[in-house]
Amino acid sequence: MHVRIQNFFRQGGGGSQEENCVCRLKGHISVWSLEGPNSFEYDLINYLFTIATTCGVENRMEDGKITKALLKTRSGEFDIESIHTLNLRDCGLSDLGCISECTQLERLNLSRNDLTKLNKLAGLGNLSSLNLSGNRITNPEGLQALESLQSVNLAGNLIGSVNSLRCLTALDKLEDLRLHDPVRDLSNPLCHSNTYRKDVLDMLPNLKVLDGERILGLGSDVFSMCREIEESLERRQDVNSQQSSNPSPWVSNDYFEPTTKFEESRLGDAKEQLEALLSSCKMAVKKSEDVFVKLKKSTK
């Protein structure tokens, strides 16, 4: 077996080293299939072919277009129909190419690219999670074909109105939508509207999470309370900004001045109570002295 592998890499060809490597691998796969190699040899050749296409000419992107070689490279799968999770983040993509051939795909990251059109996503019937943040999308038309989609991130795009999201109403399983991401400073023009959250929730009443905040279900009360506190603080800041910049005293100047005469104040009442207590003590002492005198006379 090792002799055949060594001979394989020593062979030459008329093209570049990468092209020869790919072509020789293809030829060996075809020949060995006819010879009936054992499963180990065939799996090894398939693996070598994947490495060759990863390093070779078939992996080069065609003007920002997704190719089969790119899909195999980024996923590590020889058969693109076997890909379940795929990360194509920051690949300079502007064309989705053959992405629809990944029919078993469930999770897809296309963030930080130059995508504008999403129609080629049709065919990904098993896709449940999609990250499209940081692209140049003005309208997510095409997502309505993804019947299994549960979560989509559209933060950092160019969506200008809530009406542009109307195609999402066809997604019955959609529960998590992100249009604004304050942590990564990603947003959309429509998020500048004070009513965009209410408008989005009116259009998509089945959403449970919007912009990372839970709307329905366990934990939604906490997010609601935090939002109320945040809105209250914002209103307070608005009121303070309208007032004079000079600080105003918390209380009036005469707040600590007594409002009644000393005798009528609480301190005066306490003094009266103390004087009454001392008077009663004096009376008790005098009475005890009288009793002691009488007792002394009676014992004589």
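Let's start with N188. Its place is in the loop between β5, residues 176-178, and α5, residues 196-203. A word of caution: this is a predicted model.

Is N188 buried or exposed? Its relative accessible area is 1%. Buried means under 20%, so N188 is buried. What does its side chain meet? A polar atom of the N188 side chain lies 3.3 Å from the backbone nitrogen of N157. Now the wider surroundings. Setting aside neighbours within four places in sequence, N188 is in contact with L154, A155, G156, N157, L158, I159 and L179.

Stay in that loop for D185. D185 also has its place between β5 and α5. With a relative accessible area of 71%, D185 is exposed. Look at its C-alpha against that of G156. The two are 7.9 Å apart in space, and 29 residues apart in sequence. G156 is also one of the contacts of N188.

On to the sheet. Seven strands make it up, and it is open. The order runs β1-β2-β3-β4-β5-β6-β7, with mixed pairing. Which strands stand at the edges? They are β1, residues 85-87, and β7, residues 213-214. Each has a single partner strand, so one side of each has no neighbour in the sheet. In general, strands of a sheet pair through backbone hydrogen bonds, parallel or antiparallel.

Zoom in on one pair. Strand β4, residues 151-153, runs parallel to β5, and three bridges join them. Here N153 stands opposite R178 in β5.

Between β4 and β5 there is a loop, and S164 is found there. S164 has 14% relative accessibility, so it counts as buried. Its contacts, not counting residues up to four places away in sequence, are T138, N139, P140 and I159. Note I159: it is on the contact list of N188 too.

Next, the helices. Take α5. Which of its residues are buried? Y196, R197, V200 and M203. Viewed down the axis of α5, the buried residues fall within an arc of 135°, so they line one face of the helix. The face turned away from that buried side carries K198 and D202, which are exposed. The general background is simple. An α-helix has 3.6 residues a turn, so residues three or four places apart point the same way.

Then α4, residues 68-75. Its buried residues are A69, L70, L71 and K72. Just after α4 comes G76, with a positive phi of about 80°.

What about the core? The largest nonpolar core has 46 residues. Which of them have the most contacts inside it? I99, L110, L121 and L130. The elements giving two or more residues to this core are α4 and α5. The largest share, three residues, comes from α5. As a general tendency, nonpolar side chains in soluble globular proteins are buried together.

Pick L121 as an example. Leaving out residues up to four places away in sequence, L121 touches L96, I99, L108, L110, L130, L143 and L146. That list includes I99, L110 and L130, which are named with L121 for the most contacts in the core.

Two backbone points to check. Most residues other than glycine have a negative phi. R112 is not a glycine, yet its phi is positive, about 60°. R112 is found in the loop between β2, residues 107-109, and β3, residues 129-131. At 46% relative accessibility, R112 counts as partly exposed.

The second is D211. It is not a glycine either, and its phi is positive at about 55°. D211 lies in the loop between β6, residues 209-210, and β7. Is D211 buried or exposed? Its relative accessible area is 9%, so D211 is buried.

Last, the cysteines. How many disulfides does a search of the whole structure find? Zero. C91 counts as buried, at 13% relative accessibility. C167 counts as buried as well, at 11%.

To wrap up, go back to the loop between β5 and α5. N188 in that loop is buried at 1%. D185 in that loop is exposed at 71%.

Notes: Residues numbered from 1 in each chain as written. Predicted model: local features only at pLDDT ≥ 70, side-chain atom pairs only at ≥ 80, totals over all residues. Heavy atoms only, no water. Helix = DSSP H or I, 4+ residues; strand = E, 2+ residues; numbered from the N terminus. Buried < 20%, exposed > 50% of the residue type's maximum accessible area, 1.4 Å probe, protein only. Polar contact = N/O pair within 3.5 Å; in protein donor to acceptor, adjacent residues only side chain to side chain. Contact = heavy atoms within 4.5 Å. Pairing = 2+ DSSP bridges. Arc of directions from axis to C-beta. Core = buried A, V, L, I, M, F, W, Y, C linked by side-chain atoms within 4.5 Å. Disulfide = S-S within 2.5 Å.
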